Amino acid sequence: MAEKRNIFLVGPMGAGKSTIGRQLARQLHLEFFDSDTEIERRTGADIAWVFELEGEEGFRAREEKVIEELTENTGIVLATGGGSILSKESRNRLSARGVVVYLQTTIDKQLARTQRDKRRPLIAEAENPREVLEELADERNALYEEIADIIVRTDEQSTKVVIDQIIEKVGI
Ligand code: SKM
């Protein structure tokens with residue numbers, strides 16, 4: 001890359017942001033961050049525990065702060081939490097400070113990838129996780145689209161093919 005740009009991955013839980021982000025960063029020799037991991041590192045607690053102790057509101061405040069700080073870097077790949085785009089400030093920062101890649105997938109894939117995951121308290125306890133994911137999609141898909149520079153589907157292709165598409169579309 002001529003100038004070190006940032007790549008920010010947005011999309012719902014289970015879209016593959018962390019897995020794809022880590023490999024994409026390795027391939028491009030960029031540093032990788034994951035906002036959920038960063039919150040866990042700073043609090044010393046897993047995401048489910050942060051939700052339990054501080055509620056979703058407390059978690060969102062932490063998430064906004066982490067996005068604010070991480071997006072100040074240059075030359076990073078950042079996998080964002082699925083709900084990080086709920087914050088207008090975070091949407092503005094992501095749009096302004098890097099190329100935003102929206103990873104799209106199906107509800108079926110999300111369900112398969114998020115089973116028994118300590119980082120997904122919003123669906124872990126739900127009686128009907130599919131319904132929750134559908135509601136979240138209704139509420140959030142327009143927000144992902146609003147800030148996306150590039151949209152890539154992750155449900156029908158391998159991680160390698162997704163990464164090749166991102167690299168091609170970003171024009172790195
Ligand atoms: O940030 C975590 C947390 O479980 C909340 C979330 C969401 O709201 O979609 C997604 C995860 O990445």
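Visitor: Is T80 buried or exposed?
Guide: We're looking at a predicted model here, so keep that in mind. The relative accessible area of T80 is 3%, and a residue counts as buried when that value is under 20%. So T80 falls under the cut-off, and the word for T80 is buried.

Visitor: Where does T80 lie?
Guide: Start with the two elements on either side: β3 covers 76–79 and α4 covers 88–97. T80 belongs to neither of them, as its spot is the loop between β3 and α4.

Visitor: Which residue has its backbone oxygen 2.7 Å from a polar atom of the T80 side chain?
Guide: Setting aside neighbours within four places in sequence, T80 is in contact with L9, V10, K17, S35, I67 and L94. One of these offers its backbone oxygen to a polar atom of the T80 side chain at 2.7 Å. That residue is L9.

Visitor: Moving on to the ligand, how much of it does the protein bury?
Guide: Some polar atoms get close to it: an oxygen atom of the ligand is 2.6 Å from an N or O atom in the D36 side chain, and a polar side-chain atom of R140 is also 2.6 Å from a ligand oxygen. On its own, the ligand exposes 310 Å². Of that area, the protein buries 99%.

Visitor: Which helix gives the most to the shell around the ligand?
Guide: Two helices, α3 (47–70) and α6 (121–124), each supply at least two residues of that shell. The top contribution is four residues, and it comes from α3.

Technical notes:
Residues are numbered from 1 along each chain as its sequence is written. This is a predicted model: local features need pLDDT of at least 70, side-chain atom pairs count only at pLDDT 80 or more; totals for chains, interfaces and linings use all residues. Side-chain values use heavy atoms; hydrogens and water are left out. Buried means under 20% relative accessible area, exposed over 50%, partly exposed in between (1.4 Å probe, protein chains only). A polar contact is a pair of N or O atoms within 3.5 Å; within protein, one must be able to donate a hydrogen and the other to accept it, and residues adjacent in sequence count only if both atoms are side-chain atoms. Contact means heavy atoms within 4.5 Å. Accessible areas come from the Shrake-Rupley method with a 1.4 Å probe; for residues, only the protein chains shown count as cover.
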